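User: Hi! I'm new to reading protein structures. Could you walk me through one, feature by feature?

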Amino acid sequence: MSIVRKIGIDGQDVLFKASAAIPRIYRLKFQRDIYKDLRILEKSIGEGDEENSNLDLFSLEMFENIAYTMAKHP
């Protein structure tokens, strides 16, 4: 069972699929642990306050990798 959402990006609808296979696909594609990356991303965001957010290039790349994995999920 999975969750599928259609999100409009640049005028095109893109399907994002989240399932239990995402951590494995992410590890195979990027040789990284998605859970560790999500913890790092969570710490860099902080309490959701835009002024106190500390998103660096590495954090943005992790977010892109997660989105890419969900968009390319078969």
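Analyst: Sure. Keep in mind that this is a predicted model. Let's begin close to the end of the chain: histidine 73 counts as buried, because its relative accessibility is 13% and buried means under 20%. Histidine 73 sits in the segment after H3.

User: What does histidine 73 touch?

Analyst: For contacts, we look for heavy atoms within 4.5 Å. Leaving out residues up to four places away in sequence, histidine 73 touches Lys17, Ser19, Ala21, Ile22 and Ile25. With one of them there is also a polar contact: the side chains of histidine 73 and serine 19 meet at 2.7 Å.

User: Okay, let's zoom out. How many helices and strands are there in the chain?

Analyst: The chain has three helices and two strands. If you read along the sequence, the pattern is β-β-α-α-α. As for burial, 20% of the 74 residues are buried.

User: How do I see whether parts that lie far apart in sequence come together?

Analyst: Start with the contacts that have a separation of 6 or more: in this chain, 43% of them are between residues 24 or more positions apart. Phenylalanine 16 and alanine 71 make a nice example, since their C-alpha atoms are separated by 4.5 Å while the two are 55 residues apart along the chain.

User: Where is phenylalanine 16, and is it buried or exposed?

Analyst: Phenylalanine 16 belongs to strand E2, which covers residues 12-18. Its relative accessibility is 15%, so it counts as buried. Beyond its neighbours within four places in sequence, phenylalanine 16 is in contact with Ile3, Val4, Arg5, Ile7, Ile9, Ala67, Met70 and Ala71.

User: Which residues make up the largest nonpolar core?

Analyst: The idea is to take buried nonpolar residues and join those whose side-chain atoms lie within 4.5 Å. Here the largest such core has seven residues: Ile22, Tyr26, Phe30, Ile34, Leu41, Met62 and Ile66. Helix H1 (22-30), H2 and helix H3 (57-72) each give two or more residues to this core, and H1 gives the most, with three.

User: Can we look at one core member up close?

Analyst: Try methionine 62. Not counting residues up to four places away in sequence, it touches Tyr26, Asp37, Ile40 and Leu41.

User: How many salt bridges does a search of the whole structure find?

Analyst: You look for a side-chain nitrogen of Lys or Arg within 4 Å of a carboxyl oxygen of Asp or Glu. The search of the whole structure finds one. Arginine 32 pairs with aspartate 37, and their closest N and O atoms are 2.5 Å apart.

User: Are those two partners buried or exposed?

Analyst: Aspartate 37 is buried, because its relative accessibility is 1%. Arginine 32, at 31%, counts as partly exposed.

User: Last one: what about the surface?

Analyst: The chain exposes about 6,000 Å², and carbon and sulfur atoms supply 54% of that. You can also look for nonpolar patches on the surface: Ile45, Leu55 and Leu60 form one, and together they have about 240 Å² of accessible area. Isoleucine 45 is in helix H2, residues 34-45. With a relative accessible area of 36%, isoleucine 45 is partly exposed.

Notes. Residues numbered from 1 in each chain as written. Predicted model: local features only at pLDDT ≥ 70, side-chain atom pairs only at ≥ 80, totals over all residues. Heavy atoms only, no water. Patch = residues over 30% accessible without salt bridge, like charges linked within 9 Å, V, L, I, M, F, W, Y side chains within 5 Å. Areas by Shrake-Rupley, 256 points an atom, 1.4 Å probe, with all protein chains shown as cover. Helix = DSSP H or I, 4+ residues; strand = E, 2+ residues; numbered from the N terminus. Buried < 20%, exposed > 50% of the residue type's maximum accessible area, 1.4 Å probe, protein only. Polar contact = N/O pair within 3.5 Å; in protein donor to acceptor, adjacent residues only side chain to side chain.
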